[in-house]
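Let's walk through this structure together, beginning at the ligand and then moving outward.

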Amino acid sequence: MEITEKVDLLGMDRAAMEAFFTQIGEKPFRASQVMKWIHQHGVSEFDEMTNLSKALRENLKAVAQVRTPKIVSEQHSDDGTIKWLLEVDNHNCIETVFIPEKSRGTLCISSQVGCALECRFCSTGQQGFNRNLENWEIIAQMWVANKALGCKPKEERKISNVVFMGMGEPLLNVTHVFPVARILMDDYAYGLSKRRVTISTAGVVPAIDKIKEEVDVSLAISLHAPNNPLRDILVPLNQKYPLEELMPALQRFVEGGHSKKHVTVEYVMLDKVNDLPEHADQLIELLGDLPCKINLIPFNPFPNTEYVRSSNNAIHRFQQKLTDAGLNCTVRKTRGEDIDAACGQLAGKVKDRTKRTVHRVDFKD
Ligand code: SAH
């Protein structure tokens, strides 16, 4: 890949882009013009930005670029799910998944190459951690998907929701994830509301408190266990931020402000590990009156895993108990299974750090 000193514009939020234009002696409003070209029209060549003067375009060509990743593959599932494998440098590829549903289209994006957290049931954790993704590499996933889906005007856009549920722990990469969240919500870029941008975390407590101050997006917590001893095993980060610290942080997140906030609680269903009636009882007690919606996720097995997906009966029984206790509990639909299988094979052929299970999303608003 070519080494370049040029400034990358793709990953700049509005404040950064305005600062850039001021620095090169231009008016800050150029930022909104250029952001529109890049993000709404999918343009990466300055010559195509026709409302900029020729002189400015030449200047931009000399000092800046809109760097985009190489699309290694685009796979389509029978159910409409699309998965892209994107090359971000000579050694690393990342995956992005689009999940269309009747009333929405969700894009699941990655925030790191690999993951350092080693959750026992997650294939990403088994590959180890390579590095944080930069702003441009994270927003490029939206850029590529939006362009592939036709760069439609806002009202007709196919991607209505973005979730940070791909590879990596977004709250261990806030320096790059927060500006990207701002770009997703910027009216001159994708204009998504804060209800439609969701950061999913294994529970990095100090960073949960920063969300409200810095980006105010929605939050999903990968809980997966209702007590510390079990969560210490399934989500080892729990040893650092145990439930007695995590639960108050979630409460702080939903408090304040005018809008009715809630947290999405993700709970992977592992046969006889966390799916017994006693676990449901503990979960009900743990959640108390936290405003939340629980999403049960049938486990997706991967090679050499010690876990098995809970039976449909067990999942249904668990859901019923929570519902009876007055909680809002849904089961995540499995999507894109056919290309998920191909994912392991393809990733294996291309780069060894991209092996992982596609995370399927089926949030209920
Ligand atoms: N690190 C962040 C975001 C990535 S994981 C987090 O932990 O939330 C996003 C979701 O993928 C997790 O909540 C988990 O529910 C799901 N996941 C990971 N491995 C899975 C598997 N093997 N089967 C089903 N869901 C899985």
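**Around the ligand**

An N or O atom in the side chain of Glu-266 sits 3.2 Å from an oxygen atom of the ligand; a polar contact here is a pair of N or O atoms within 3.5 Å. Glu-169 also takes part, with a polar side-chain atom 3.0 Å from a nitrogen atom of the ligand. From Phe-121 comes a polar backbone atom, 2.8 Å from a ligand nitrogen. On its own the ligand has 540 Å² of accessible area, and the protein covers 96% of that (Shrake-Rupley method, 1.4 Å probe).

Before going on, please note that this is a predicted model, in which local features need pLDDT of at least 70 and side-chain atom pairs count only at pLDDT 80 or more, while totals for chains, interfaces and linings use all residues. Residues are numbered from 1 along each chain as its sequence is written, and side-chain values use heavy atoms, with hydrogens and water left out.

Which residues are closest to the ligand? They are Phe-121, Ser-200, Ser-222, Ile-297 and Asn-300, out of 21 that surround the ligand, each with a heavy atom within 4 Å. This shell divides into 11 nonpolar, eight polar and two charged residues. (Ala, Val, Leu, Ile, Met, Phe, Trp, Tyr, Cys and Pro count as nonpolar, Asp, Glu, Lys and Arg as charged, and the others, Gly among them, as polar.) Strands S10 (197–201), S12 (263–269) and S13 (292–298) each supply at least two residues of the shell; strands (E, at least two residues) and helices (H or I, at least four) are DSSP runs, numbered from the N terminus.

Now follow S12 onward: the loop between S12 and helix H10 (277–287) holds Lys-272, which has a positive phi of about 60° although it is not a glycine. Asp-216, also not a glycine, has a positive phi of about 55° and lies in the loop between H7 and strand S11 (218–222).

Helix H7 (residues 205–214) packs with helix H9 (residues 243–254) at an angle of about 0°, their axes 9 Å apart. Axes are lines fitted to C-alpha atoms, for helices over the stretch in contact, and angles run from 0 to 180 degrees between N-to-C directions. H7 and H9 are therefore roughly parallel to each other (under 35 degrees).

How values were computed. Angles under 35 degrees count as roughly parallel, over 145 as roughly antiparallel, 65 to 115 as roughly perpendicular and the rest as oblique. A polar contact is a pair of N or O atoms within 3.5 Å; within protein, one must be able to donate a hydrogen and the other to accept it, and residues adjacent in sequence count only if both atoms are side-chain atoms.
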